[in-house]
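Here are my notes after a pass through this one. Have the viewer open while you read, and click along as you go.

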Amino acid sequence: EMNSAFNEGLSHYYNKDFPEASVYFNNIVKKNPKDKTAQYYYKLAIKYAMDGVPDNWSGIEKLLEK
């Protein structure tokens with residue numbers, strides 16, 4: 001169930017539907033606060049929902065931390 005919710009969140013994320021993506025990732029984090037990947041995408045989705053994305057945005061992120 002968590003995996004399908006994550007995939008659904010990613011689908012919205014890559015379609016630039018950031019508000020909807022943030023809902024999916026937030027729900028995952030509520031159920032599993034240690035899910036760093038869901039936390040990461042949740043923060044990005046919120047940021048992009050508020051600030052928008054560059055025209056050349058591909059959805060690929062450079063991970064600067066582990």
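The points below go from the overall layout to single residues.

1. First, the caveat: this is a predicted model. Everything that follows is computed from its atoms, so please read the distances and percentages in that light.

2. The layout is quick to describe. There are 3 helices and 0 strands in the chain, and from the N terminus on the order is α-α-α. Out of 66 residues, 30% count as buried. The accessible surface adds up to about 4,900 Å², with carbon and sulfur atoms holding 52% of that. If you look at contacts with a separation of 6 or more, 47% of them join residues 24 or more positions apart.

3. Now the core. The largest nonpolar core has 15 residues, and the members that touch the most others are Phe6, Tyr13 and Phe25. Each of the helices H1 (2–14), H2 and H3 puts at least two residues into this core.

4. Tyr41 is a good one to click on next. It is located in helix H3, and it counts as buried because its relative accessibility is 14%, under the 20% cut-off. Leaving out residues up to four places away in sequence, Tyr41 touches Phe6, Leu10, Tyr13, Tyr14 and Phe25. For one of these pairs I have a backbone distance too: the C-alpha atoms of Tyr41 and Tyr13 are 8.3 Å apart, with the two positions 28 residues apart in sequence terms.

5. Ile28 sits in helix H2. Is it buried or exposed? Buried, because its relative accessible area is just 2%. Its C-alpha is 7.4 Å from that of Phe6, although the two residues are 22 apart along the chain. Ile28 comes back in point 7, as a contact of Asp35.

6. Ser22 is another residue of helix H2, and with 9% relative accessibility it counts as buried too. Beyond its neighbours within four places in sequence, Ser22 is in contact with Tyr42, Ala45 and Ile46.

7. Asp35 deserves a slower look. It lies in the loop that runs between helix H2 (18–31) and helix H3 (36–51). What does a buried Asp35 have in place of a salt bridge? Lys36 is the nearest side chain of opposite charge, and it is 9.2 Å away; a salt bridge would need 4 Å, so Asp35 has none. Instead, look at the backbone: a polar atom of the Asp35 side chain lies 3.2 Å from the backbone nitrogen of Thr37, and the side chain also reaches the backbone nitrogen of Ala38 at 2.9 Å. Outside its neighbours within four places in sequence, Asp35 is in contact with Ile28 and Val29.

8. Last, a backbone angle to check. Which residue that is not a glycine has a positive phi of about 60°? That is Lys16, found in the loop between H1 and H2. As background, most residues other than glycine have a negative phi. Lys16 counts as partly exposed, because its relative accessibility is 43%.

Technical notes: Residues are numbered from 1 along each chain as its sequence is written. This is a predicted model: local features need pLDDT of at least 70, side-chain atom pairs count only at pLDDT 80 or more; totals for chains, interfaces and linings use all residues. Side-chain values use heavy atoms; hydrogens and water are left out. Helices (H or I, at least four residues) and strands (E, at least two) are DSSP runs, numbered from the N terminus. Buried means under 20% relative accessible area, exposed over 50%, partly exposed in between (1.4 Å probe, protein chains only). Lys and Arg count as positive and Asp and Glu as negative; His and the chain ends are not counted. A polar contact is a pair of N or O atoms within 3.5 Å; within protein, one must be able to donate a hydrogen and the other to accept it, and residues adjacent in sequence count only if both atoms are side-chain atoms. Contact means heavy atoms within 4.5 Å. Accessible areas come from the Shrake-Rupley method with a 1.4 Å probe; for residues, only the protein chains shown count as cover. A nonpolar core is a set of buried Ala, Val, Leu, Ile, Met, Phe, Trp, Tyr and Cys residues joined through side-chain atoms within 4.5 Å.
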